[in-house]
There are 2 protein chains.
Amino acid sequence: MSIRIGIMGYGNLGRGIECAIRQNADMELAAVFTRRDPETVSVLTEGVAVCSVSEAEQWKDKVDVMILCGGSATDLPEQTPKYASMFNVVDSFDTHARIPEHFANVDAAAKESGKVGIISVGWDPGMFSLNRLYANAILPDGKDYTFWGKGVSQGHSDAIRRVEGVRDAKQYTIPVEAALEAVRNGENPELSTRQKHTRECFVVLEEGADAAKVEEEIKTMPNYFSDYDTTVHFISQEELDKNHSGIPHGGFVLRSGKTGWEGEHSHLIEYSLKLDSNPEFTSSVLVAYARAAYRLYKEGQSGCKTVFDIAPAYLSSKSGEELRASML
Amino acid sequence: MSIRIGIMGYGNLGRGIECAIRQNADMELAAVFTRRDPETVSVLTEGVAVCSVSEAEQWKDKVDVMILCGGSATDLPEQTPKYASMFNVVDSFDTHARIPEHFANVDAAAKESGKVGIISVGWDPGMFSLNRLYANAILPDGKDYTFWGKGVSQGHSDAIRRVEGVRDAKQYTIPVEAALEAVRNGENPELSTRQKHTRECFVVLEEGADAAKVEEEIKTMPNYFSDYDTTVHFISQEELDKNHSGIPHGGFVLRSGKTGWEGEHSHLIEYSLKLDSNPEFTSSVLVAYARAAYRLYKEGQSGCKTVFDIAPAYLSSKSGEELRASML
């Protein structure tokens, strides 16, 4: 029998989940839940119910795992504990500083309901976190580096759009190649914020806006841009739509470390992602962990888990025998 | 209390284990076991017992995990089941085709003794296998590539040394940069053996040996060299000792895959290792999995496991709370 997946929230991430389910023969999409009027939402999969979030509880016996596609700022802190009281759930909560609190809330709800909740799934947090953990466990004497990009930062693009005179904008975070190379060469550099990433902005101005003033305001914006070397390009809306409509991202996790009786040997572990679509890749990770949530639940487990707590074999549709024969 | 580690076999790998234990504050080296006369073996760690393998059973209550450092051809198929009947064990069994049989033997012995055995730990099999599994679970519609090197292949170096007229030799396996780039560009190339790796040999001739004949014999050697573009350099023993005494290795695991409703987006996942010392890195992985074996045993688990079956958190000396706060 297939694992029946529910999608809570139908934006970029929700659509990504829908596409990913189609690639996994052991899964099926049971229903999509939306805060909008369900009549106005049309999904890609034929014959799938689109329901109001208020109907979710009625699906308790028809959804094996609910994947929560809300935002980390306000949606997930409320939604994940709430739905963990009815379903096995998976989310992509990414506010690093609030993970301990979120974990505790989801753990309490899931333990009470006897369900499994897996939080902070995706690539960072998620696959990048896993790689930091493995690399640290293997090379205790070493140094970690994480670089992001080249990719679109939604938060930074939004920040530019709030500047007066800006009609539309896209911002790319770009890792500094020289810094990456220094890490790869085992130089163990101490890198400032400015030395690790640059920021490139493509901006469409409102009619009559002052370009120099907009550029100055972007470049000096605290938290977002003032600590970085920032480049601003002014382009037309047509150009922005044509060349900058994608949501690519990616990045690098590196650890350089030493082994030997006197630390005489150096090693470099590097993990990198180059993603055409940030939300679709994140969705693909979420779907793999939905499989794990389902299996752990079937084994009688409950409570909150993170990627650290899940044995890799749970992510694959293959059996232990198949995995050992084909991938070990 | 520290996790007490025993080392079975004191060659390059055993010495690597000894060094790695020193980097992990929650572990201590209990004893080293050797087939040689213990009197002739001196270890780096002060005050540690060197014992004959025949004494191992007497250490049942004084060793928490025995790390087996024998070879895969003849040692481990016999040793791992044998010692799994007395100890929690970890090995680096790397004969891919015989893993199912080895797994079954270790599983039977470990289930009977109530101990945990973790097999095929290292980087390939090991970390590379894990990365294949994670990437396949995330991107079901994709293609896998593994490249090895640049690094020393002991098997190929040994094969050259068996050629008449050769006094000493080192062989490097080198990934073909153009093939790697084609994979990174998402071209999904079909690659022949020759297109993936080249082989570079540094050979010291016996006095009066025929260089042309030796070169021909190496380059046409079936299985080892005939399917590859091979370069042979003749050098002096001094040069070999000076420039080629290390045991570096490494490699790349890549998966390129598609997502989206019609597979319209491409993604690349890449994991790579650049290792100054192949045996010391392998040892560092073995020691992290020894920690996992100990913890699983303490939880009451038993039987054979591979890296696929171990939740990442078991590898780290940090608690779940610490890991979530610092690495997620």
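A:Glu270 stands opposite B:Ser272 in strand E13 of chain B. That is one spot in a strand pairing that runs across two chains: strand E13 (residues 265–275) of chain A and E13 of chain B pair in the antiparallel sense over 9 bridges. Keep in mind that this is a predicted model.

**The sheet that crosses the chains**

Zoom out from that pair and you get an open sheet of 6 strands, with antiparallel pairing and the order E7(A)-E12(A)-E13(A)-E13(B)-E12(B)-E7(B). At its edges sit strand E7 (142–148) of chain A and strand E7 (142–148) of chain B, each of which pairs on one side only. Ignoring direction, neighbouring strands here are turned by 10° against each other on average.

On the chain B side, E7(B) and E12(B) also pair in the antiparallel sense, over 7 bridges. There, B:Lys143 stands opposite B:Ser256 in E12(B).

Which helices of chain B pack on this sheet? One is helix H6 (residues 177–184) of chain B, touching E13 of chain A along with E7, E12 and E13 of chain B, and its direction makes about 30° with that of E12(B). Another is H10(B), which touches strand E12 (249–259) and E13 of chain A as well as E12 and E13 of chain B. The direction of H10(B) makes about 70° with that of E13(A).

**The interface in numbers**

Now for the contact between the chains as a whole. On the chain B side 66 residues are in contact with 65 residues of chain A. The area buried between chain B and chain A comes to about 6100 Å², and carbon and sulfur atoms give 64% of that.

How many salt bridges are there between chain B and chain A? The count is 0. Polar contacts do turn up, though: 27 residue pairs across the interface of chain B and chain A, both partners at pLDDT 80 or more.

Several elements of chain B give two or more residues to the side that touches chain A, among them helix H1 (12–22), helix H3 (99–113), helix H4 (127–138), strand E12 (249–259) and helix H11 (320–326). Strand E13 (265–275) and helix H10 (278–298) of chain B are also on that list. The largest share, 11 residues, comes from E13(B). By residue type, the side of chain B that touches chain A divides into 33 nonpolar, 19 polar and 14 charged.

**A second sheet, inside chain B**

Chain B also has an open sheet of 4 strands, in the order E8-E9-E10-E11 and with mixed pairing. Why is one side of E8 and of E11 left without a neighbour in the sheet? Strand E8 (151–152) and strand E11 (229–234) of chain B stand at the edges and have a single partner strand each, so one side of each stays without a neighbour.

Strand E9 (residues 166–175) and strand E10 (residues 197–205) of chain B pair in the antiparallel sense over 9 bridges, and B:Ile174 stands opposite B:Thr198 in E10(B). Helix H8 (residues 211–219) of chain B packs on this sheet, touching E9, E10 and E11 of chain B. The direction of H8 makes about 150° with that of E11(B).

**Salt bridges over all chains**

Over all chains, the count comes to 32 salt bridges. One pair is B:Arg4 with B:Asp64, where the closest N and O atoms are 3.0 Å apart. This pair links distant parts of the chain, 60 residues apart: B:Arg4 is in strand E1 (residues 3–8) of chain B, and B:Asp64 is in the loop between strand E3 (49–52) and strand E4 (65–68) of chain B.

**Backbone oddities in chain A**

Here are a few backbone angles in chain A for your own checks.

| Place | Feature | Angle |
|---|---|---|
| A:Asp124 to A:Pro125 | cis peptide bond | omega about 5° |
| A:Gly149 to A:Lys150 | cis peptide bond | omega near 0° |
| A:Asn188 | positive phi, not a glycine | phi about 45° |

As for where they sit, A:Pro125 is in the loop between strand E6 (116–118) and helix H4 (127–138) of chain A. A:Lys150 is found in the loop between E7 and strand E8 (151–152) of chain A. A:Asn188 has its place in the loop between helix H6 (177–184) and helix H7 (193–196) of chain A.

Terms used: Residues numbered from 1 in each chain as written. Chains lettered and ligands numbered in written order. Predicted model: local features only at pLDDT ≥ 70, side-chain atom pairs only at ≥ 80, totals over all residues. Heavy atoms only, no water. Contact = heavy atoms within 4.5 Å. Buried area = accessible area lost by both parts, 1.4 Å probe. Salt bridge = Lys/Arg side-chain N within 4 Å of Asp/Glu carboxyl O. Polar contact = N/O pair within 3.5 Å; in protein donor to acceptor, adjacent residues only side chain to side chain. Nonpolar A, V, L, I, M, F, W, Y, C, P; charged D, E, K, R; others polar. Pairing = 2+ DSSP bridges. Axes fitted to C-alpha atoms, helices over the stretch in contact; angles between N-to-C directions.
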